[in-house]
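The exercises below are meant to be worked with the sequence and the structure side by side. Try each task before reading its solution.

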Amino acid sequence: MIERKPTRRIQVGSVPVGGGAEVSVQSMTTTKTADVDGTLAQVYALAAAGADIVRITCNDVAAAQGLAEIVPRSPVPIVADIHFQYKLALAALEAGVHALRLNPGNIRNETHIKEVARAAADRGVPIRIGVNGGSLDKDLLEKYGSAVPEALVESAETEIRYLEDVGFTDIKISVKHSHVPSMVESYRLLSERVDYPLHLGVTEAGPPPGGLIKSVAGIATLLLEGIGDTIRFSLTADPVEEAKAGRQLLEYLGLRERAGLDLIACPSCGRAEVDVIEVAGEAQRRLEEANLPIQVAVMGCVVNGPGEAREADIGIAAGRGKGHLFIKGNVVRVVPEAEMVDALLDEARKLVEEGVEARLAAADGVAEQLAAEAAEELLLIQGDANHSEERRARVAEIAEGAR
Ligand code: SF4
């Protein structure tokens, strides 16, 4: 269990952030905000993929007008992303957004910031102080020479002071950086100094797989230390991928309940009796379509598959032209290899409907025996890679010689 650092709680529309609330997933639309239908379609897609909160740019008057139509029809709270023009923040508030993100690097006028804070307070709308290493306040860049963690944190603290000066504390903060160690250090530093909820992200992470790796490296490191209340993957990709990745990361870290499929598969090796990559790909596609919230294992061989994947709810292991279907490590059915994915889908649906006990009780009585025979046959052909007597003897011989 991850012990999370206590933070204050704020409310982004219906979604609580901080103060022990579940870590939430955010993403951002890539459409023109003035395109109301296109943006709403993307908001719905993001919500379906696991986004709890969606940010939308408010970069001109047409975008602010678009927000006025989008917000009441959105299935999730909407955050308006504001850069440079504080008046667009006021317009976004009028449009009914659930939160604002202000970039202190390019909205620098204290009077303007305080005016926005007062207007947000009137409506009970929180503000994210969104510091970004790539658009840091010029004065801080000069002072520190580059966007070092101390500079990012100072930018956030200055903005906090402006907001607190007018009694505004409905705040969450991000100090994003595209360099993972700097991002991690910035958040650690900030977390020591404030108890406002933190929004984690590696900025401009780039396209997958690099963007995913950077995001996971930064976000997961902090989450495992108990730091972070809401997260966003900034990928150069369809934002649906961001939402999915964010959601999955939280599930894998045990910070959110599994809402969808968790497919595990062996990496395959010389023992594999099927093309694991192909079978796993087909199984993933079809299981995702079926929207079953279970853990499924696709294993390349029956020798090691059922045992290694015994924690999975259900799985399939290949061997001697057959698919061996197992539930919690117990083989329940043996089917021709060509039907293994169909059988997996069928059994997965029944498992979700009827539960583990019922499906184990309905197991084919000879399945375990057939699997044991197939495994034995494969061991005879391939050798026992795990317990090879011959190899043990050779290792012992060499070790003796080394004395
Ligand atoms: Fe190799 Fe079988 Fe393990 Fe897959 S399950 S990695 S095929 S030994």
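**Exercise 1.** In this predicted model, find the residues with which Val194 is in contact once its neighbours within four places in sequence are left aside, and decide whether Val194 is buried, partly exposed or exposed.

*Solution.* Begin with the contacts: leaving aside the neighbours within four places in sequence, Val194 is in contact with Ile160 and Ile173. Next, place the residue in the chain, where Val194 belongs to the loop that runs between α7 (180-193) and β9 (199-200). Then count its surroundings: 18 other C-beta atoms lie within 10 Å of Val194, and since a residue is buried at 20 or more such atoms and exposed at 12 or fewer, Val194 is therefore partly exposed. Finally, look along the chain to Thr7, which is 187 residues apart from Val194, although their C-alpha atoms are separated by 8.3 Å.

**Exercise 2.** Determine which residues of the largest nonpolar core touch the most other members, and list the contacts of Ala92 beyond its neighbours within four places in sequence.

*Solution.* The largest nonpolar core has 76 residues, and those that touch the most other members are Leu67, Ala80, Ala92, Val97 and Leu100. The largest share of this core, seven residues, is supplied by helix α6 (residues 149-165). Turning to Ala92, and again setting aside neighbours within four places in sequence, one finds contacts with Cys58, Ala64, Leu67, Ala80, Ile82, Val97 and Leu100. Another core, of 39 residues, lies apart from the largest one and includes Val276, Leu292, Cys301 and Leu378.

**Exercise 3.** Describe how strands β14 and β15 are joined, and state which residue of their hairpin takes a positive phi.

*Solution.* Strand β14 (residues 322-327) runs antiparallel to β15, and six bridges join the two. Within this pairing, Phe326 stands opposite Val331 of β15. The hairpin has two residues between its strands, and Lys328 takes a positive phi near 50°. As for cover, β15 (residues 330-336) is mostly covered, with five of its seven residues buried.

**Exercise 4.** Work out which residues come nearest to the ligand, and how far apart the C-alpha centres of the two domains lie.

*Solution.* Around the ligand there are 13 residues, of which Cys266, Cys269, Ala272, Gly300 and Cys301 come nearest. Sorted by class, this shell holds seven nonpolar, four polar and two charged residues. For the domains, the assignment gives domain 1 (10-252) and domain 2 (262-382), and their C-alpha centres lie 42 Å apart.

How values were computed:
Residues numbered from 1 in each chain as written. Predicted model: local features only at pLDDT ≥ 70, side-chain atom pairs only at ≥ 80, totals over all residues. Near = placed C-beta within 6 Å. Nonpolar A, V, L, I, M, F, W, Y, C, P; charged D, E, K, R; others polar. Core = buried A, V, L, I, M, F, W, Y, C linked by C-beta atoms within 7 Å. Helix = DSSP H or I, 4+ residues; strand = E, 2+ residues; numbered from the N terminus. Contact = placed C-beta atoms within 7 Å. Domains from an automatic or database assignment. Pairing = 2+ DSSP bridges.
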